[in-house]
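Q: Please take a close look at one part of this structure, for a reader who has not met it before. Please also set that part in the context of the whole.

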Amino acid sequence: MTAPPTLEVDVAVVGGGSAGMAAYRAAVAAGARTVLIEGGDFGTTCARVGCMPSKLLIAAADAAHAGDTASDFGLPAPAPRAGDALAGVMDRVRRERDRFVGFVLREVEAYPATDKLAGVARFVGDHVLVVTHANGDATRVHAGRIVLATGSVPVVPRELDAVRALCLTTDSLFELPHLPASAAIVGAGVVALELGQALHRLGVRVRLFGRGGRLGVLTDPEVHRQACAVWADALPLECDARAVFHADGGEVRVDYVTRDGSRASERFACVIAAAGRAPRLPAGLETTSWGAAVAAGAWGFDRTTMQVGASPVFVAGDASGEDSLLHEAVDEGRIAGRNAASFPRVRGGERRARLSIAFTHPQMAIVGGGWALAQRAGDVVVGQASFANQGRSRVMLRNRGLLRVYADRAGFFLGAEMFGPDAEHLGHLMAWALQARMRIDQMLSMPFYHPVVEEGLRTALRDARRSARTEA
């Protein structure tokens with residue numbers, strides 16, 4: 001279908017990912033004439049280059065690690081893997097990734113053709129976008145309201161300028177025909193740790209170079225200390241690296257200072273930039289009355305309504321610069337789309353309890369904003385449980401980690417931080433309890449089977465209740 005030269009709509013949604021699709025559906029459901037604009041491939045960051053391909057790689061790494069640790073359970077050790085024995089890993093990652101992407105694309109294909117524009121959008125005024133299509137044609141879109149759901153791009157730090165030709169990001173890593181022999185990984189956040197550990201377990205020689213001494217998104221000092229101790233033995237990692245990257249003979253040479261202060265140099269086949277993602281913003285923001293502040297990173301948007309200031313512009317998903325999480329992006333898109341359709345009447349949308357999970361081993365989970373946010377409540381009661389001797393964890397030889405739960409003096413559960421086994425499952429239980437505004441005693445009245453890892457949560461909750469009574 002040929003794109004029209006001009007288009008008049010109530011709502012223009014810029015970006016066809018998770019947030020954009022949710023915004024489009026909500027605006028249409030509210031009766032607004034809506035167009036969905038996408039400058040690249042329709043679909044989601046999660047399915048294409050984020051959650052799903054990374055978890056496929058992690059699943060392969062888990063399978064390899066299970067064989068490598070068989071002798072710890074008294075089983076015969078597996079035969080050594082030859083270099084080409086892992087050639088099918090990336091093939092399966094892409095094959096399954098494309099399957100997940102296909103589900104998303106089928107939904108987009110079901111939208112009316114008149115509701116979609118494929119092309120790069122730029123602002124030429126507060127209510128006017130010019131969408132340039134692949135064939136060079138353009139459509140001028142006049143929109144009463146606009147939702148920016150333009151997603152994000154990987155951050156490539158400036159210190160990698162000298163090795164950009166050998167630099168991969170999560171947007172390109174999963175297109176490799178086979179795993180690299182070695183990789184320097186820049187970052188020590190969730191993505192860097194997940195990818196670094198997975199590649200390490202699959203036989204890739206890696207070293208992670210972080211900054212500031214932080215791991216993942218942990219803020220509780222006790223949980224962070226436990227995680228640092230475990231990771232120091234589990235993965236080649238420099239948490240606060242002073243590193244210089246050079247291109248040398250088709251390889252990456254990294255000169256760095258180690259944790260003990262000594263100097264080292266190491267060569268790698270490539271470098272993987274895993275230092276986070278930054279909002280992708282449309283061109284032409286300077287032509288709008290509200291764009292200068294946005295371009296400077298000062299969104300000034302209301303997290304409950306997703307409205308940018310008092311303007312008819314709403315933001316959702318990774319473009320907001322907040323949590324890059326699928327469920328958050330969908331919630332934000334739904335709220336933004338509904339309010340864009342009803343503007344100037346806007347209302348706050350219900351947000352789910354905050355939950356963040358890292359699929360490392362041990363896993364990490366932060367509920368309710370964790371320690372950093374719980375401190376704002378003032379006088380906080382803390383309970384904790386170590387997994388070193390927790391029954392089911394020890395049975396599975398996964399008995400490492402620490403859980404810390406937080407409550408206020410009235411006994412209401414405020415959140416938690418965890419580094420340990422099955423954090424993805426315990427995190428969900430705790431997020432549900434937080435959203436339901438449960439007290440510690442109510443949580444303890446729930447069933448805990450034996451033997452399960454969830455008994456560690458019971459231990460932490462009992463400790464919090466005991467602390468509250470002792471300090472009262």
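A: A residue counts as buried when its relative accessible area is under 20%, as exposed when that area is over 50%, and as partly exposed in between. The model described here is predicted. With this scale in hand, D422 can be classified: its relative accessible area is 19%, so D422 is buried, since this value is under 20%. D422 sits in the loop that runs between strand β22, residues 413-420, and helix α12, residues 423-435. Its backbone also deserves attention, for D422 has a positive phi of about 55 degrees although it is not a glycine.

The part chosen for the close look is centred on another aspartate, D331. This residue belongs to helix α9, which covers residues 326-342. The relative accessible area of D331 is 2%, and because this is under 20%, D331 counts as buried.

Which residue forms a salt bridge with D331? The partner is R352, and the closest N and O atoms of the pair are 2.6 Å apart. This salt bridge links distant parts of the chain, with D331 in helix α9 and R352 in the loop between α9 and β18, 21 residues apart. In terms of accessibility, R352 has a value of 40%, so it falls in the partly exposed class, between the limits of 20% and 50%. D331, at 2%, is buried.

Other arginines also take part in the surroundings of D331. A polar contact of 3.1 Å joins the side chain of D331 to that of R334. When neighbours within four places in sequence are set aside, D331 is in contact with R351 and R352.

The loop that holds R352 has a further feature. P344 is placed in the loop between α9 and β18, the latter spanning residues 355-358. The peptide bond joining F343 and P344 is cis, with omega about 15 degrees. A second cis peptide bond runs from H361 to P362, where omega is near -5 degrees. P362 lies in the loop between β18 and β19, the latter covering residues 363-367.

The salt bridge of D331 may be set beside others in the model. A search of the whole structure finds 30 salt bridges. One of them joins D91 and R95, whose closest N and O atoms are 2.8 Å apart. These two residues are four apart in helix α4, residues 89-109, which means that about one helical turn separates them. D91 is partly exposed, at 41% relative accessibility, and R95 is partly exposed as well, at 45%.

Another salt bridge brings together the side chains of D255 and R253, at 3.2 Å from N to O. D255 has a relative accessibility of 24% and counts as partly exposed; R253, at 23%, likewise counts as partly exposed. Both residues belong to a network of salt bridges that links D248, E251, R253, D255 and R267.

A positive phi also appears at M306, which is not a glycine and has a value near 65 degrees. M306 lies in the loop between α8, residues 291-295, and β17, residues 313-315. At 0% relative accessibility, M306 counts as buried.

On the surface, F73, L75 and L397 form a nonpolar patch, and together they have about 300 Å² of accessible area. Of these, L75 is placed in the loop between α3, residues 51-68, and α4.

It remains to place these details within the whole. The protein chain contains 14 helices and 22 strands. Its radius of gyration is 24 Å, close to the 23 Å that the globule rule gives for 472 residues, so the chain is as compact as a globular protein of that length. The C-alpha trace spans about 70 × 65 × 40 Å along its principal axes. Of the 472 residues, 51% count as buried. Among contacts with a separation of 6 or more, 64% are between residues 24 or more positions apart. The accessible surface of the protein chain comes to about 21,200 Å², and carbon and sulfur atoms account for 54% of it.

Technical notes
Residues numbered from 1 in each chain as written. Predicted model: local features only at pLDDT ≥ 70, side-chain atom pairs only at ≥ 80, totals over all residues. Heavy atoms only, no water. Buried < 20%, exposed > 50% of the residue type's maximum accessible area, 1.4 Å probe, protein only. Polar contact = N/O pair within 3.5 Å; in protein donor to acceptor, adjacent residues only side chain to side chain. Contact = heavy atoms within 4.5 Å. Salt bridge = Lys/Arg side-chain N within 4 Å of Asp/Glu carboxyl O. Patch = residues over 30% accessible without salt bridge, like charges linked within 9 Å, V, L, I, M, F, W, Y side chains within 5 Å. Areas by Shrake-Rupley, 256 points an atom, 1.4 Å probe, with all protein chains shown as cover. Rg over C-alpha atoms; globule rule 2.2 N^0.38 Å.
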